[in-house]
Amino acid sequence: MLNIENINFKGKRALVRVDFNVPLDENNKVTDSTRILGALKTINYILDKGGSCILISHLGRPKEKNSKDSLLNVKSDLEILLKKSVVFIDDCVGLKVEEKCKNLKSGDVVLLENLRFYDEETKGDEIFARDLSKLADIYINDAFGTAHRAHASTTTVAKYFSIKAPGYLLKKEILAIEKVIVKGEKPRLAILGGAKVSSKITIIENMLKSVDELIIAGGMSYTFIKALGGKIGDSIFENEYMDYSLKLIKKIKNQEKKIILPEDVVCGNKFSNDADVKICDVNKIPDGWSGLDSGPKTLIKFKEAITSAKTILWNGPVGVFEMDLFSKGTIEVGNFVSEATDKGAFSLVGGGDSVAAVKKFNFEDKVSYVSTGGGAMLESLEGKVLPGIKALD
Ligand code: AMP
């Protein structure tokens, strides 16, 4: 795979697939520009090296062309952040666009209209992709959040370019995944939490190939505890995954790896922030009570494993972090991961709710990397090669 830094952009036009799928308010104003900020490094690099940028993205899930989903809504924020003017074209393919993109000068930035105004985009259509490719000399993909989709602008288009590479944001995600899965220093640890075993099976199986230790926490741990004969009261569990849990524990032990399950839990007598709470042994939860957060003894065990790990993947909260009453465990795990990172470990927080938790409790700057792509990160952790990344090879 080519590196963006090995490409000569001088006098060349780069078609840059960015992720400008930003939230908008009722006046179509951008309410969170994180994704625009994320693309700046790649855009500025290309401009600094004498190239021009043609930016393409999707926004929302439009059924037809409309002003709410127009990328024109993003233009002024992009101009402010980029500190330069941007030309918006109200289409993304066709003769008019080709004509305007033909004579771009070094340093020019063009923003094209929402790719998803064409059905062909999500279908991965060949002709649409070829039409996009006519606009530029070089293809850069910097949209990790859609790299798991074989869409025209993320996958099909790449074959029409001999010079193509990931942008800085995509590259960072690729390196972070590589590190936790294959290259990270040992001991490697995965912290898997969240509600259900069923939604994490493929991740658990894939992570087992590379980690030395596995923490299973949060709602999904009760399926394991019950399968092992524990009494879990009214805690959530999945009956149909009990056998699987037992087989998995056996497999982990056969591979001489370590599985760490909760020892005690914070229980509530209802699923609510004003519930009565008590600490219970995880195997002796009374009926009428549910385990909703990690208990103090559990957190000591988690701390030991987390702060001595050198590579950490964290996917899924270890309690119902949305409620203050049951958020302590997740906050503590965030503290332990931060402490390990501070001591030199590499830590990746990826996929779904753990990212929301890390943002909520301000750990973003204290861990090595927080993934920007929910579904794309989950599929990577499951061991899939994402079509958008494969297409750059
Ligand atoms: P996931 O999307 O699978 O990572 O699941 C995240 C959700 O799991 C969050 O909304 C948490 O509130 C929930 N969760 C974590 N621990 C528990 C628990 N012990 N009981 C019920 N839900 C939980």
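## A ligand and a small sheet

In this predicted model, a backbone N or O atom of Gly291 lies 3.0 Å from a nitrogen atom of the ligand. Taken alone, the ligand exposes 500 Å², and the protein buries 83% of that.

Let's look at who surrounds the ligand. There are 16 residues around it, and Lys200, Gly219, Gly291, Glu322 and Asp353 come nearest. Sorted by character, this shell holds 6 nonpolar, 7 polar and 3 charged residues. Here are some of the polar contacts, side by side:

| Residue | Atom of the residue | Atom of the ligand | Distance |
|---|---|---|---|
| Ala195 | backbone N or O | oxygen | 3.1 Å |
| Gly291 | backbone N or O | nitrogen | 3.0 Å |
| Asp353 | side-chain N or O | oxygen | 3.5 Å |

Now follow the chain from the ligand to a sheet. Gly291 contacts the ligand through a backbone atom, and strand S14 covers residues 290-294. Strands of a sheet pair through backbone hydrogen bonds, either parallel or antiparallel. Which kind of pairing, and in what strand order, does this open sheet have? Its 3 strands are arranged S12-S11-S14, and their pairing is antiparallel. Strand S12 (277-281) and strand S14 sit at the edges, each pairing on one side only. From one strand to the next, the twist averages 45°.

Strand S11 (residues 264-268) pairs with S14 over 4 bridges. To find this pairing in the structure, look for Val266, which stands opposite Asp293 in S14.

Finally, a helix joins the picture: H10 (residues 296-308) lies across S11, S12 and S14, and it runs at about 40° to S14.

Methods: Residues numbered from 1 in each chain as written. Predicted model: local features only at pLDDT ≥ 70, side-chain atom pairs only at ≥ 80, totals over all residues. Heavy atoms only, no water. Near = heavy atom within 4 Å. Polar contact = N/O pair within 3.5 Å; in protein donor to acceptor, adjacent residues only side chain to side chain. Areas by Shrake-Rupley, 256 points an atom, 1.4 Å probe, with all protein chains shown as cover. Nonpolar A, V, L, I, M, F, W, Y, C, P; charged D, E, K, R; others polar. Pairing = 2+ DSSP bridges. Helix = DSSP H or I, 4+ residues; strand = E, 2+ residues; numbered from the N terminus. Axes fitted to C-alpha atoms, helices over the stretch in contact; angles between N-to-C directions. Contact = heavy atoms within 4.5 Å.
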